[in-house]
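Trainee: Could you walk me through this model one question at a time? I would like to learn how to read it.

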Amino acid sequence: MSVPLQDPAPTLTVRDLHLTLAGRVILTATHLTLAPGELVHLRGENGAGKTTLLRALAGELPCQGVVQLQGHAPGSRPARARTAFISTEPALLDDLTVHENLQFMAAAWNSPHIPILNLAHAFGLAPWLDAWPTELSRGTRQKVALSLALGLGLPLTLLDEPFSTLDTASRDVLRDALQARLHAGGSILLTTHGADLMGLPSRALEISQGELRAAVQAA
Ligand SMILES: Nc1ncnc2c1ncn2[C@@H]1O[C@H](COP(=O)(O)OP(=O)(O)OP(=O)(O)O)[C@@H](O)[C@H]1O
C-alpha cells in the first residue's frame with residue numbers, strides 16, 4: 001500500500017505577529033510560513049518594516065503572536081542554534097582576524113570549518129583572511145558574514161539586502177550559495193528593494209507600512 005506524500009513541516013511559522021516599539025505598532029504579520037528548501041523574497045519600500053521583521057524572527061526584538069522556528073520561540077537557545085541572521089551591518093569580532101572569526105563562529109555553532117572557508121575563497125576573500133575586520137570595506141565585510149551564514153548550513157537563513165553591497169562576480173557567488181542551501185533543504189528569507197533575484201526560485205511577499213501581505217507570485 002502506498003503512503004500518501006505529506007508536505008514537510010514548515011521551518012518557520014508566523015501567525016498574528018504584532019510588534020510595538022516606543023508605544024507604536026511598527027509591524028503586523030497575520031500569516032507566514034517558510035518550508036524546507038523554500039526562498040521567500042520580502043519586498044517593500046524604505047521604512048516598510050522589512051528589517052524589523054527579520055530582527056523579530058532572529059529574536060532581537062520582542063513581539064507578540066505565534067512565531068515558531070522548528071517548534072522553538074525566536075531568541076531561545078534552540079532557535080538561535082538553527083538561525084543565521086545577517087544584517088546590513090554585520091558584526092564581526094574586531095580583535096580576531098577574518099580567518100579567526102570564521103574558525104571561532106564554526107566552533108561556536110559546532111559546525112565544520114571547511115564549507116565556510118570554501119565559500120570565503122569563492123568570494124575572493126583569500127587576500128583578506130589575515131586582515132582585521134576594521135580593515136575591510138563594507139562589501140568585503142558582507143562577504144565574510146555571508147560566508148559564515150551560508151557555510152554554517154543552518155535550517156533558517158535571514159538576510160537583509162544581501163546583494164546590495166556586492167559586485168557582479170560576488171552576486172553570482174551568492175546566488176550559487178543560496179541555490180546550494182535550498183537544495184540542501186535550508187529555508188531562506190531575504191529582503192530587497194527590487195525584484196531581481198537572479199533567477200532563483202522564490203515566493204515574493206510584499207510588506208507595506210508595517211503590514212505583511214499575502215503572497216504575490218512565484219518567480
Ligand atoms: N527602535 C525603533 N524605535 C521606533 N521605531 C523604529 C525602531 N526601529 C525601526 N523603527 C521604525 O519601524 C519602521 C520600519 O523600519 P525598518 O527598518 O524595518 O524598515 P525597512 O523596510 O527595513 O526599511 P529600509 O528599506 O529603509 O531599510 C520605520 O518606520 C522605523 O522608523
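**Reading the model together**

Mentor: Let's start in a loop: A58 sits between helix 1 and strand 4 (64–69). Helices (H or I, at least four residues) and strands (E, at least two) are DSSP runs, numbered from the N terminus. Residues are numbered from 1 along each chain as its sequence is written. This is a predicted model, in which local features need pLDDT of at least 70 and side-chain atom pairs count only at pLDDT 80 or more, while totals for chains, interfaces and linings use all residues.

Trainee: Is A58 buried or exposed?

Mentor: A residue is buried if 20 or more other C-beta atoms lie within 10 Å of its own, exposed if 12 or fewer, and partly exposed in between, with C-beta atoms placed from the backbone. A58 has 21 other C-beta atoms within 10 Å, so A58 is buried.

Trainee: Which residues does A58 touch, not counting residues up to four places away in sequence?

Mentor: Two residues are in contact if their C-beta atoms, placed from the backbone, lie within 7 Å. With the residues up to four places away in sequence left out, A58 touches P74, T83, F85 and L158.

Trainee: Is V25 buried or exposed?

Mentor: V25 belongs to strand 2 (residues 24–34). Leaving aside neighbours within four places in sequence, V25 is in contact with H18, T20 and G210. V25 has 11 C-beta neighbours inside 10 Å, so V25 counts as exposed.

Trainee: On which side of helix 1 do its buried residues lie?

Mentor: Those residues are K50, L53, L54, A56 and L57. They cover an arc of only 160° around the axis, which puts them on the same side of helix 1. The arc is that of the directions from the helix axis to the C-beta atoms. In short, the buried residues of helix 1 share the same side.

Trainee: Which element gives the most residues to the shell around the ligand?

Mentor: A residue is near a molecule if its C-beta atom, placed from the backbone, lies within 6 Å of it. The residues around the ligand are L21, A22, I26, G44, N46, G47, A48, G49, K50, T51 and T52. With three residues, the element giving the most is helix 1 (residues 50–57).

Trainee: Which residue has a positive phi in the loop between strand 7 (187–192) and strand 8 (203–208)?

Mentor: The residue in that loop has a phi of about 55° although it is not a glycine. It is exposed, with 12 other C-beta atoms within 10 Å. Its name is M198.

Trainee: What radius of gyration does the protein chain have?

Mentor: The radius of gyration is taken over C-alpha atoms, and the globule rule is 2.2 Å times the number of residues to the power 0.38. With 219 residues, a compact globule would have a value near 17 Å, and the protein chain agrees, at 17 Å.

Trainee: Which element of the protein chain has the lowest mean pLDDT?

Mentor: pLDDT is the predictor's confidence in each residue, from 0 to 100. The protein chain averages 91, and 94% of the residues score at least 70. Where pLDDT is low, the predicted coordinates should not be read in detail. The highest mean, 97, belongs to strand 6 (residues 156–160), and the lowest, 65, to strand 9 (residues 211–218).
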